[in-house]
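Let's take a friendly walk through this model, stopping at a few places that reward a closer look. Please keep the sequence and the structure open beside you.

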Amino acid sequence: MNQVAAVVEKTFKEFLRDKMEIFWTFAVPLFFLIVLPLMFYVDAPKEVISNLKGGLTLTMVIFLIMTAGQANLPGSIASDKGRGLYLKMASMPIKPWKEALGRVLAVWIFSSIGAILVLLVGLIYGAKLSCGLIDALESLGFVLITFFASVGIGLTIAAFVKGESAATHTGVAITLLTYFLGGMVVSYSSLPALLQTFARIHPICSANASIVFLLEGEDFVGYNPLNTGQICFTIMSSLLIFIIGFALYSKFCWRKK
Amino acid sequence: MMYKRKTKLCATELVPPLYIANSIFLRKRDGKRMNAITIHNLQKNYGDDEVLKGVNLKIEEREFYALMGPNGSGKTTLASIIACTSLHSSGTVEIYGHNVVEEAKKVKKLIGYVPQENFSSLHLTGKENAIYFTRLFGFSKDEAKKIARDMLDKMGLFEDAEKRVSNYSGGMRKRLEVATALLPGVKILILDEPTTGLDPSARKNFLGLIKRVNEKGATVFFVTHIGEDAEIASRVGFMDKGKIVMDDEPERLRKRSGLKNVVNIETSIKNDRVCNVLKQFSDDDKILETEKGFKIYCQKPEEITPSIVKSLDKIGCKVTRIEAMPPSIEDVFFKLTEKPLRR
């Protein structure tokens, strides 16, 4: 575990000390959180505004986790790959899975801090979350699902995309596409049939819908994602993406010439 | 049996820092040093491209072996195979008797590899980098702190240990990276072109440090295409087209080349005409282009120097500097392989 802890410490410090990384990971969701209500909730009835802000806050938490897993993680891996760190590590007595686990845990800590920050800003900004303890715990489970899927996608990007900038931009593009096409910014009912299917199938979109459903209610989602079939599929697909990402990372980033 | 047991004791488990690498334990009974690196008929192909063509090499423990060759000769590939980061196509590589493929875990505890690239993290301090790599090697956090402190001290980085690597010079960064390879238990230091990009003063300091590390007990495998770097080695190997074509002590290589003197000529212009004129003065028609002019090889430079200046003046080329000097390893390489190390 000492090797895993060393990787966690190193990766986390790198995240914290990279000002651009902090800015883009934390600032974009906070910016959306503050600006979107000013643009779209002006005409909304006063009694639902706090719930709308609550829904937006939760979506921004998911957005932040997606950015950390899908953009920051592959960016950091690509940067290390570019400067020959994997060559050095391949000559050392450390197993790829331990190194990968360290990186994943560092992303978890980093995105948890960001998520708490977004939640706090949202609550200060007037967001209302109507939930009990059980709903909150269930929501945490869906947050975890989002995290696993995001990290799986991030590791897959890292396995194939070379260059820090290319890997980060690929991750950002996937995050934005997921956000805009998966019913996270536009209500589910106004999505075309094809994208409604996408929103139900994609584990991150589905987990986001489940969290908002649990903490804000069905009106703020547009459908009930909490049926056995969809929950099982979301969990399974998320874990599958994570395992595939982990395997691809271990195989391609650590590949011997 | 006894010999094997001694090897195992020293080679695998936690032992004091490299500097105390106790070669007494690793010596064979007859007093000869044992082989730190043994390479037999090593071949490496990338598709149809044959990069290594049957390399054979034995490096004794505590030797400072410099491997020289032009770009693309296969030096880095050979270093990466020894460092367990590349797989070979056929042949065998053993580190203290352990096969690099079958016993990679044991081998990795015996080698410290510094690849060409600067792998240290710019966002971390020198100390944090050193601790990170020490922990990756398997030491606990507390042990790593002590070891890192010791390593940084020995590499002359103690004062700058708390500075971020982004504030380090090229030479400091390279020394830090060598420090991350000098972990307790490591017996072989593999350095791949470590002086590339360093200014002359930083290079000199760096080479001095590596020499001291070698004198304190480490075996050094040093890959370079810079002749001056190889001068400090106890043995130099010349690599060309995937083969080690010659391999000996620097002085003996000089003798074998038959070179006595080199005339270094710096000229105002460099073109084929100048080259053709100078060729007439070279003992064997060989001429090496340098950054500021040319080098020719001759037995009695004092006799030809005035004629060189005169002949070049006739074709409108001024000699800005001309001097006779003893041949460098780079000259020996050129003489023996007919190829310049640097283009």
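## A glycine in helix H6 of chain A

A:Gly152 is found in helix H6 of chain A, residues 133–160. Helices here are DSSP runs of H or I with at least four residues, strands are runs of E with at least two, and both are numbered from the N terminus. This is a predicted model, in which local features need pLDDT of at least 70 and side-chain atom pairs count only at pLDDT 80 or more, while totals for chains, interfaces and linings use all residues. Residues are numbered from 1 along each chain as its sequence is written, chains are lettered from A and ligands numbered from 1 in the order in which they are written, and side-chain values use heavy atoms, with hydrogens and water left out.

With a relative accessibility of 0%, A:Gly152 counts as buried. Buried means under 20% relative accessible area, exposed over 50%, and partly exposed in between, using a 1.4 Å probe and protein chains only. Setting aside neighbours within four places in sequence, A:Gly152 is in contact (heavy atoms within 4.5 Å) with A:Ile241, A:Phe242 and A:Gly245. A:Leu239 is 87 residues away from A:Gly152 in sequence, yet their C-alpha atoms are 8.2 Å apart.

## Helix H5 of chain B and its surroundings

Helix H5 of chain B (residues 126–136) is mostly covered, with ten of its eleven residues buried. Among them are B:Glu128, B:Tyr132, B:Phe133 and B:Arg135. What do the buried residues of H5(B) pack against? Their partners are helix H1 (2–17) and helix H4 (85–90) of chain A, together with helix H6 (141–154) and H7 of chain B. Just after H5(B) comes B:Gly138, with a positive phi of about 120 degrees.

B:Arg175 lies in helix H7 of chain B, residues 170–179. B:Arg175 is buried but has no salt bridge, and the nearest side chain of opposite charge, B:Asp160, is 6.3 Å away. A salt bridge needs a side-chain nitrogen of Lys or Arg within 4 Å of a carboxyl oxygen of Asp or Glu. For charge, Lys and Arg count as positive and Asp and Glu as negative, with His and the chain ends not counted. Not counting residues up to four places away in sequence, B:Arg175 touches B:Met155, B:Gly156, B:Leu157, B:Phe206 and B:Leu209.

## Two positive phi angles in loops

Neither residue in this table is a glycine.

| Residue | Phi | Loop in chain B | Relative accessibility |
|---|---|---|---|
| B:Tyr96 | about 50 degrees | between strand E4 (90–95) and strand E5 (98–99) | 4%, buried |
| B:Lys241 | about 50 degrees | between strand E9 (235–240) and strand E10 (243–248) | 54%, exposed |

## Cysteines

With a disulfide taken as a pair of cysteine sulfur atoms within 2.5 Å, the count comes to zero over all chains. A:Cys205 is in no disulfide, and the nearest cysteine sulfur, that of A:Cys232, is 18 Å away. A:Cys205 is buried, at a relative accessible area of 2%. In chain B, the sulfur of B:Cys298 is too far for a bond because the closest cysteine sulfur, in B:Cys275, is 15 Å away. B:Cys298 is buried as well, with a relative accessible area of 4%.
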